[in-house]
Amino acid sequence: MVVVGAGQMARAMVAGWQRQACPFHTIYTVDPHQSEGLGENTMACAHPEDLPPLPHPYVVMFAVKPQILGDLLPQWKGITANARLVLSIAAGFSCARLQQGLGRPVIRLMPNTPVAVGSGIVGYYTPTVWDDPTQAFVQDILRPLGLLVPVGSEDDLNRITAFSGSGPAYIYAFLEGLEQAALSLGLSPDLAPAMAQTLMRGSLNLKDASPQSAAALRQAVTSKGGTTEAGLSILMHPDTGLFPLLNATVQAAYRRAGGIGEQGSGNER
Ligand SMILES: NC(=O)c1ccc[n+]([C@@H]2O[C@H](COP(=O)([O-])OP(=O)(O)OC[C@H]3O[C@@H](n4cnc5c(N)ncnc54)[C@H](OP(=O)(O)O)[C@@H]3O)[C@@H](O)[C@H]2O)c1
């Protein structure tokens, strides 16, 4: 496996692969500014010319920023020509542009950072019809990373980018907000972060253990005229509460990702 760009997302994916039986014998990272490998079974190279002869079948994955990807493609044409699969995680960089640059089809992925602990979401789109062995191979590679979501269009991938690709940041922002809310009530600064995190984790653990919907579990905490109802009158206000805020959040991210469907009005890059 060759990973082009050893940044945040590449590291998260490599960590996810390394957690359990890694589907790759060796993971080569190619990044001009990283001289150290990313742990067991990895090797760092500064440039594509530094790669050793690659054992077949091998996979190449582009994990650089979309802004520089177009300029990189010509120097990877030779290596990708012989790869079993070529993958790209660059947000908003279309399959057509990838194919134009490399002269072969490329599968686009949209992972998120929790892949590092095997709890990610990986959307994937392929521009060509797959044979069954290739389909099985792709799923075998991605399964250790978390929930796989095959999509039928690149615009669906933009939706996944806006929802789960960016999603961990939304959740951490909510966690930060909970911490600040605890402090605003005068709770101990030493305990506020742990309380906020335990509140979130405990509620999700209970949800995992329960057959009930999120709405039913919320209602179970809310009694008529009680404290929770008073709090939710702000949090769930139909105009200014969390739901319209989250809708606006994912819409803004979708437009930035290049969304072109009914839910967005941005331009595909
Ligand atoms: N972060 C996420 O949550 C997330 C989620 C889904 C998809 N993605 C996608 O993942 C890609 C990488 O994002 P990231 O957040 O991981 O960014 P990042 O941390 O900046 O990683 C990009 C890496 O590529 C390196 N690089 C620069 N020029 C290179 C070259 N010529 N050859 C090889 N590597 C080179 C960068 O090195 P320098 O820093 O030294 O320039 C950096 O280490 C983006 O396309 C993004 O759309 C990210």
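# A guided tour of a two-domain chain

Start with the whole chain: 31% of its 269 residues count as buried, where buried means that 20 or more other C-beta atoms, placed from the backbone, lie within 10 Å of the residue's own. This is a predicted model, in which local features need pLDDT of at least 70, side-chain atom pairs count only at pLDDT 80 or more, and totals for chains, interfaces and linings use all residues. Residues are numbered from 1 along each chain as its sequence is written.

**Colour by confidence.** pLDDT is the predictor's confidence in each residue, from 0 to 100. The chain averages 93, and 97% of the residues score at least 70. Now select residues 264-269, where pLDDT stays under 50. Where pLDDT is low, the predicted coordinates should not be read in detail.

**Switch to cartoon.** You should find ten helices and eight strands; these are DSSP runs (helices H or I, at least four residues; strands E, at least two), numbered from the N terminus. The C-alpha atoms fill a box of roughly 70 × 40 × 35 Å along the principal axes.

**Select the two domains.** Colour 2-164 as domain 1 and 167-256 as domain 2; such bounds come from an automatic or database domain assignment. Their C-alpha centres lie 34 Å apart. Eight residues from domain 1 and five residues from domain 2 form the contact between them, a contact being two C-beta atoms, placed from the backbone, within 7 Å.

**Select the ligand and its surroundings.** Which residues come nearest to the ligand? Among the 25 residues around it, they are G5, G7, H33, A90 and A91; a residue counts as near if its C-beta atom, placed from the backbone, lies within 6 Å. Helices α1 (8-19) and α2 (66-81) are the elements that give two or more residues to this shell. By class, the shell has 16 nonpolar, seven polar and two charged residues. Ala, Val, Leu, Ile, Met, Phe, Trp, Tyr, Cys and Pro count as nonpolar, Asp, Glu, Lys and Arg as charged, and the others, Gly among them, as polar.

**Select the core.** The largest nonpolar core has 57 residues, of which V3, V4, M61 and A63 touch the most other members. Such a core is a set of buried Ala, Val, Leu, Ile, Met, Phe, Trp, Tyr and Cys residues joined through C-beta atoms within 7 Å. Helix α1 gives the most, with six residues, and each of the two domains supplies at least three.

**Finish at A63.** Beyond its neighbours within four places in sequence, A63 is in contact with V3, V4, G5, G7, M9, A10 and I89.

Definitions and conventions. A residue is buried if 20 or more other C-beta atoms lie within 10 Å of its own, exposed if 12 or fewer, and partly exposed in between; C-beta atoms are placed from the backbone.
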